[in-house]
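Q: Please take a close look at a single strand of this chain, covering its residues, its neighbours and its setting in the whole.

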Amino acid sequence: MADAPSDPMETSSESLLQMSTDDLPPLGVPPRLLTTGTHISGDEHVGHTPADVMTPTLSFENLSSLPDAMSGGPSYDDMDADGVLGGRRRSLLQMVLIAETYPVDIAPGLNEIARHCVHKNFMTRETANDNDMNPAERISVHFQHDEMLREGAVIVRPSHASHRDVPDGQTFAIIVTYRRHCEAFRAVGRIITVLFDLYAPNELALRMSWEECAQFESLGVMLDCSRCAVLSLETVLYMVRTCALLGMNTFQLYTEDTFTVPDEPFFGYLRGSFSQEEITYIDDYAVMFGIEVFPCIQTLGHLGQILQWPRFAGVRDTTEVILAGSDETYQLLDKIIAAATAPLRSNRIHIGMDEAHGVGEGRYRQIFGEKDSSEVFLAHLQRVEKICKDRGLQPMAWSDMLFTLAAKNTSLQSYYETSELPQEMKHNMPSDINLVYWDYYHTTSDAYSRKIQQHRDLGFDPWVAGGIWSWNRFFSALPFTIAASDACLKACKRDAVKNVFVTTWGDDGNECDIFSALPGFVYYAEHCYTPDADVSWSSVRSTFAGVCGGNLDDWMYASKIDVPLEAMDKTRFPPNVSKWILWNDPFYGFLSPQYEGLNLQDHYQEIASYLRTASSEDALALYPLNGRLEFPALIAETLTIKLGLRDRLVAAYKSTDPCRELFECAHGIVQKLRQSVDTLWRHHRDRIWLTTYKPFGMEVVELRYGAIRTRLETLQDRLLAFCARDRAEGVAAAAGMFVPGMRVPPREELPELDVVLREVYASIGLEVVVDFARAYTPSRALGTG
């Protein structure tokens, strides 16, 4: 790396550090589903919990802190003569920001932002030469580092009161003064947001004046890359840039086995693992923005992906938990930890250790005898910590097992309710480890404060991890995400927590479009940069539009695919209605009693129509990211057809002319649903998965589409066969003929439609969270149990 010039604001092409993606090292060729994200097991999937344990989720009508977020929003046809759409123009003002001077060390990051800026309204001196023909008015931006600023602070000021009223010989500029790199890039995110928001040029100087300070030493995201879907390198880089523009400074990829370990070909076998070269590339890229990348792995539970292979049979305790106490285990973990940290600059490592239920109760018991699980866990934690320390690493671990083992109860509730640990556990805790308190469920800040204090009573100042509800669904549950994030960060700020991050998870197939988590990232970051208890919803909306290129109201509205009714009962978890209706077997429709008496077709038709408009060409002119809303639109369209399917079939089957009625169903609603499912499948495959993730793991989602497509084909064939036999029987009876193989009565050919359906989750209705295995068929374990 070249030495910095003597003048820290020098910007000549000879002295600037020229580093882009082209300059990074070349890449080589990369040689139990209910887990951390869900934290639900057994009957807890129904979503019930006592009212005094959790506060309710928010509906689309009572988000008091988000006054206008849940409204239906304007029609994209309602455009006035000036191209203003519901208070928003169709296009941006013809203005562009140009970074004219900046310290050498942020030059690479600024250049990358300029190359990928969603609205093309930010450039640097280097990239501006590529846009000489751009007629937009150019506004200068100057960046200056100031070590005397408070850590986390950034100040943005205009040089003059008006950018069009500048004395002769002077030049208008926006001055960005920062201390940490992450705040310099957050300032870029804010100034391009302001530019997006401007209605008139004379607002520019006034709007380009603010100062703010991060409320935490570190804030960042953790992205799940272990539940089938491994982010493509391009998607990871996009997420890094977006995090930079939001002011985040840590970044984790959750990789149980999805990274390569030398001499261990079955570690991450056929899983699309990140190569060492890819992780090095990501680290080099992130450092341009002042973002620290550190690994997030597992060293006890959640290792079922590798423990299924004969190669690792010797280190297996249970199907999910590695064998504690075994020298072979620690030799393997040493290799894993070395591989996970070798490509990275950071000396931090997240060693996981959450939800290791059954530790010491499988092969461990056969080999080492009966021991208390908490004793086994703590001894293992100490040995893994020693491996980290011997390598100069600072480990952190999820804290849930400490509390659940103390309570001798593995439920999620015991984690949050248990307050005291036995003295022997306290004494045997490694002193030099960071505990991570994770909580994605509470919507009152006092619940978080209590748990933060419990960690401090143990002698640990915890990292606190919130969650964006991306797991077990097609689209993130944004209203609940915001409610939980708001409560979490209010408590963290009030209780002076130093380090926070927000997680995404892909449990049960990772069907979700990870981009639907972006509004959650924006909300989280805005919260982290204000000392106030409440966040300005208008700033969240503007930042999402300016930085990400999406209309926030439209993205919030898309969450309605899982909350189709305006008034739903409040429960512990946001339901995943669209998922279980889509995957529910079309012949049985055994979950349809959950919405008996509700006209969901009209609701989903409204959702589909709105989202189609929100992702239309008119909308994309200003909100290019809205193109991803075609995915939930297709889901809503498919559900509009599927919802009435079984009722139609039963009514036709029991009609006075079942042959004619079922024939019409086969060529009508069933055929239409087959076409809709095919369209949805191809879009999910081509426009979501293959543009966002590596291809490995896509087979899990495609097996589900294949199951529905096959069952719909079988349904159609059997309906037509029934009609043909029915007709043949009538002819035979009239002629007094016997037809071999004929069954009497003919309705016995469709016995599925004779079954009277029962409400599986009584008195809950739509308020239920169901995974694929339970949604698809009533047969246990998809027929293998």
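A: In this predicted model, the six residues of strand S16 alternate in direction: Asn499, Phe501 and Thr503 point one way, Val500, Val502 and Thr504 point the other way, and all of them are buried. Strand S16, which spans residues 499-504, is therefore mostly covered, with six of its six residues under 20% relative accessible area.

The pairing of the strand comes next. Strand S9 (residues 218-224) runs parallel to S16 and is joined to S16 by five bridges. Within this pairing, Met222 has Thr503 of S16 as its bridge partner. Strand S15 (residues 463-468) also pairs with S16 in the parallel sense, over five bridges. Here Gly467 is the residue that stands opposite Thr503. Thr503 thus has a bridge partner in Met222 and stands opposite Gly467. Between S15 and S16 the chain passes through helix H15 (residues 478-494), and the resulting β-α-β crossover is right-handed.

As for the wider setting, the chain holds 26 helices and 16 strands. Of its 785 residues, 60% count as buried. The chain exposes about 30,200 Å², of which carbon and sulfur atoms supply 50%.

Elsewhere in the chain, the second largest pocket contains about 440 Å³ of space. Its lining comprises 21 residues, and His116, Val118, Tyr238, Arg241 and Phe515 lie nearest the centre. Helix H1 (107-116), helix H5 (233-246) and helix H17 (537-548) are the elements that each give two or more residues to this lining. H5 gives the most, with seven residues. By class, the lining has 13 nonpolar, four polar and four charged residues.

Technical notes: Residues are numbered from 1 along each chain as its sequence is written. This is a predicted model: local features need pLDDT of at least 70, side-chain atom pairs count only at pLDDT 80 or more; totals for chains, interfaces and linings use all residues. Side-chain values use heavy atoms; hydrogens and water are left out. On a 1 Å grid over the protein atoms alone, a cavity is a set of points where a 1.4 Å probe fits but cannot get out, and a pocket is an open set with protein on both sides within 12 Å along at least five of seven lines; lining residues have an atom within 4 Å of a point. Grid points are joined across faces, edges and corners, and a volume is the space filled by probe spheres set on the points. Helices (H or I, at least four residues) and strands (E, at least two) are DSSP runs, numbered from the N terminus. Ala, Val, Leu, Ile, Met, Phe, Trp, Tyr, Cys and Pro count as nonpolar, Asp, Glu, Lys and Arg as charged, and the others, Gly among them, as polar. Buried means under 20% relative accessible area, exposed over 50%, partly exposed in between (1.4 Å probe, protein chains only). Accessible areas come from the Shrake-Rupley method with a 1.4 Å probe; for residues, only the protein chains shown count as cover. Two strands pair if DSSP finds at least two bridges between them. A crossover is right-handed if, with the strands pointing away from the viewer, the path from the first strand over the helix to the second runs clockwise.
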